[in-house]
Amino acid sequence: MNKFIGCLVLYALTTMAAFAQSSTNSPYSQFGLGDLADEGVGFNKGMGGVGYGFRKGNEVNPLNPASYSAIDSVTMIFDGGLSGQITNFKEGGRKLNAKSGGFDYIMGALRLFPRVGLTFGVRPYTNIGYDYTSSQRLEDMSTKMTSTYDGDGGLNQLFLGAGFQLMKSLSVGFNAAYLWGGFDRGVIMVGSTDINSLAKTYETSVSSYKLDFGIQYTQPINAKDDITLGAVFSPGHKLNADTYSRIVTTNVNVIKSDTTMFTIANALSIPTSFGVGVAYSHDQKLRVGADFKFQKWGSLDFPSFENNAYALRSGLLKDSYKFNVGAEWIPNPRSTRSAFHHVRYRVGAGYTTPYYYINGQDGPKDLQLSLGVGIPIINAYNNRSFLNVSAQWQHRSAENLITENTFRLNIGITFNERWFSKMKIE
């Protein structure tokens, strides 16, 4: 228990600053609360983000906290991951490449009591990061308007979760998270024939909470096969975060600026969401899963500056749907001859609809394909840890808007330590 408390404090002190940075460079992250993060860990990412029905004793599955009840009784699990990506942006005949990356998650898990597992860690909720310039001619064709957009931020979760096995086939669980972060967004507009410039900035700081609840039911088919049904639920609520807007008009001829400030109290919310999934497992060699997730963004208002007023407005966000499928295959999990027999080969795909509108039309749809491997780390004292490597291709596009193609490399390490086993001397 002393080791656990020490690790928990260390995680809290060393990771909050590390996660307070953006890992995206997408212009689409300027809308809503930003790009929704992939909240899974290494094995989830290699399988298309699927996980509501998965439960194993030697891995952490934060997508469904009911899975924590399956954690091995003699194990202390540490799991951490980072990613790097290259994105190609295309609009009309123009193309641009950009790179980004950073920490993805850090987690730990252990069996607290019989049939009770505990997990703690840090993972992202949203990411914001962009910096680009756009130019257009006004109706008189004599004035060229240049707008520069930039933004940074996002929301992160420092969470503690527990899973409880109520009976042999039924488990429930929860995650309780401290949700923190915010954003700084800005746009500067300058006309080629105008002596005035206009700068708008938007900012907020969030310090709130997030709750997730999960349930899993496993039905054996025979001695080697079983099916697990999983479901998750997260209640939506206000974040008790004020948003601020500053409008600065500058006359460059006389070097004079006029500033107007706007404030919206308790402006931001997260949506109610729920998901369901199913997983099939065969003889410890094969597992296949499929998930569906629904997020009720359409019922939320969001701050917007229109008609010289900064206020909460409806109709800016829309309900979002997410579909994921994935599979993992192990050649021979019972082999004692070769480590290659224990390599985990993974494949998956995901499709997500947008949760916001852009100028009255749907935002970009998101398609992802992934391949991954889990490579066992074998040495004199530990053959239970894994290096998880996966490659993802992500395509985002919307009609008459920017098309993004991203290649992402994820690297994660799962340390599976026997902290609680008792040694016997004969």
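The largest pocket of the protein encloses about 1600 Å³ of space, a value computed, like those that follow, on a predicted model. Its lining is made up of 43 residues, and those that lie nearest the centre of the pocket are P27, Q30, F31, Y132 and Y149. Several strands each supply at least two residues of this lining, namely β2 (76-91), β3 (94-113), β4 (116-137), β6 (170-191), β7 (196-220), β15 (302-306) and β19 (357-358). The largest share comes from β4, which contributes six residues. When the lining of the largest pocket is divided by class, 24 residues are nonpolar, 11 are polar and eight are charged.

The second largest pocket has a volume of about 1100 Å³. It is lined by 47 residues, of which R55, K56, G57, N58 and Q284 are the closest to its centre. Two or more residues of the lining of this second pocket are given by each of β5 (144-167), β6, β7, β8 (225-234), β13 (273-282) and β14 (286-295). Strands β6 and β7 thus appear among the contributors to the lining of the largest pocket and also among those of the second largest pocket. By class, the lining of the second largest pocket comprises 15 nonpolar, 18 polar and 14 charged residues.

With regard to the overall fold, the protein contains two helices and 23 strands. Of its 426 residues, 48% count as buried, and the surface that the protein exposes amounts to about 20700 Å², with carbon and sulfur atoms supplying 58% of that area. Among the contacts between residues at least 6 apart in sequence, 66% join residues that are at least 24 apart.

One buried site was examined in detail. S370 is located in strand β21, which spans residues 365-377, and the relative accessible area of S370 is 5%, so this serine is classed as buried, a class that requires a value under 20%. The side chain of S370 reaches two backbone oxygens, that of K45 at 3.4 Å and that of G46, likewise at 3.4 Å. When neighbours within four places in sequence are left aside, the residues in contact with S370 are K45, G46, M47, G48, R346, V347, G348, A391 and Q392. K45 and G46, whose backbone oxygens are reached by the serine side chain, are therefore included in a set of contacts that also takes in M47 and G48, as well as R346, V347 and G348 and, further along the chain, A391 and Q392.

Two asparagines were considered for their backbone geometry. Most residues other than glycine have a negative phi. N240, although not a glycine, has a positive phi of about 55 degrees, and its place is in the loop between β9 (237-238) and β10 (243-251). With a relative accessible area of 62%, N240 lies over the 50% limit and is therefore counted as exposed. A positive value is also found for N266, whose phi is near 50 degrees. N266 lies in the loop between β11 (256-264) and β12 (269-270). The relative accessibility of N266 is 27%, which falls between the limits of 20% and 50%, so N266 counts as partly exposed.

Terms used: Residues numbered from 1 in each chain as written. Predicted model: local features only at pLDDT ≥ 70, side-chain atom pairs only at ≥ 80, totals over all residues. Heavy atoms only, no water. Helix = DSSP H or I, 4+ residues; strand = E, 2+ residues; numbered from the N terminus. Buried < 20%, exposed > 50% of the residue type's maximum accessible area, 1.4 Å probe, protein only. Polar contact = N/O pair within 3.5 Å; in protein donor to acceptor, adjacent residues only side chain to side chain. Contact = heavy atoms within 4.5 Å. Areas by Shrake-Rupley, 256 points an atom, 1.4 Å probe, with all protein chains shown as cover. 1 Å grid on protein atoms, 1.4 Å probe; cavity = no way out; pocket = protein on both sides within 12 Å on 5 of 7 lines; lining within 4 Å. Points joined across faces, edges and corners; volume = space filled by probe spheres on them. Nonpolar A, V, L, I, M, F, W, Y, C, P; charged D, E, K, R; others polar.
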